[in-house]
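Trainee: I have a model open and keep running into labels that I'd like to understand. Could we go through them together?

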Amino acid sequence: MALPVANKLTGSLLIIASGLIAIRTLRWKLWLCPERPDLLVLAVGYIWLAMGALATGLALLQGKLPAPALHLITIGALGTCRPA
């Protein structure tokens, strides 16, 4: 945010990171462990992180404010929790 000229590089790196997070989540094969809700909830949070990184990267590349996209990370990824 301090260097607007870096938005294109930052946006591109966030999109790449989003893809890597998604691939990593798929490689865990968590659908094979339906009896482990603790792992499934962590995977949901990780997928929110991938979606937030993608949305933030796209917003930066389009020259838009990333605040709404960052909401995916803060509320989705950090807010995902397992009910007690």
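Mentor: Sure, let's take the labels one at a time.

Trainee: Before the labels, what kind of model is this, and how confident is the predictor in the chain?

Mentor: This is a predicted model. The chain averages a pLDDT of 88, and 94% of the residues score at least 70. Among the elements of the chain, helix α1 (residues 7-27) has the highest mean pLDDT, 95, while α3 has the lowest, 84.

Trainee: How many helices and strands are there, and in what pattern?

Mentor: You have three helices and zero strands. Read along the sequence, that gives α-α-α. The C-alpha atoms fill a box of roughly 45 × 25 × 15 Å along the principal axes.

Trainee: Okay, first label. Why is Thr25 called buried?

Mentor: Set the value against the cut-off: buried means under 20% relative accessible area. Thr25 comes in at 9%, so Thr25 is buried. Thr25 lies in helix α1, and leaving aside neighbours within four places in sequence, Thr25 is in contact with Ala43, Tyr46 and Ile47. For the chain as a whole, 24% of the 84 residues count as buried.

Trainee: And what makes Leu42 exposed?

Mentor: The exposed label needs a value over 50%. Leu42 has 60% relative accessibility, so Leu42 counts as exposed. That residue is found in helix α2. Here's something else to look at: Leu42 and Thr80 are 38 residues apart in sequence, yet 7.8 Å apart in space, C-alpha to C-alpha.

Trainee: How do you know that Arg36 and Asp38 form a salt bridge?

Mentor: The general idea is that side chains of opposite charge can pair when their charged atoms come close. Here the rule asks for a side-chain nitrogen of Lys or Arg within 4 Å of a carboxyl oxygen of Asp or Glu. For Arg36 and Asp38, the closest N and O atoms are 2.8 Å apart, and that meets the rule. By this rule the count comes to one salt bridge.

Trainee: Are those two partners buried or exposed, or something in between?

Mentor: In between. Partly exposed covers the range between the 20% and 50% cut-offs. Arg36 has 36% relative accessibility, so Arg36 counts as partly exposed. Asp38, with 29%, is partly exposed as well.

Trainee: What makes the phi of Lys29 worth pointing out?

Mentor: Most residues other than glycine have a negative phi. The phi of Lys29 is near 50 degrees, a positive value in a residue other than glycine. You'll find Lys29 in the loop between α1 and α2. At 45% relative accessibility, Lys29 falls short of the exposed cut-off of over 50%, so Lys29 counts as partly exposed.

Trainee: Last one. In helix α3, which residues are buried, and why say that they line one face?

Mentor: The buried ones in α3 (residues 67-77) are Ala69, Gly76 and Ala77. Seen down the axis of α3, the buried residues fall within an arc of 75 degrees, so they line one face of the helix. On the other side of α3, Ala67, Pro68 and Ile75 are exposed.

Trainee: What covers the buried residues of α3?

Mentor: The cover includes α2 (37-61). If you want a figure for the whole chain too, among contacts between residues at least 6 apart in sequence, 61% join residues at least 24 apart.

Key: Residues numbered from 1 in each chain as written. Predicted model: local features only at pLDDT ≥ 70, side-chain atom pairs only at ≥ 80, totals over all residues. Heavy atoms only, no water. Buried < 20%, exposed > 50% of the residue type's maximum accessible area, 1.4 Å probe, protein only. Helix = DSSP H or I, 4+ residues; strand = E, 2+ residues; numbered from the N terminus. Arc of directions from axis to C-beta. Contact = heavy atoms within 4.5 Å. pLDDT = per-residue confidence, 0-100.
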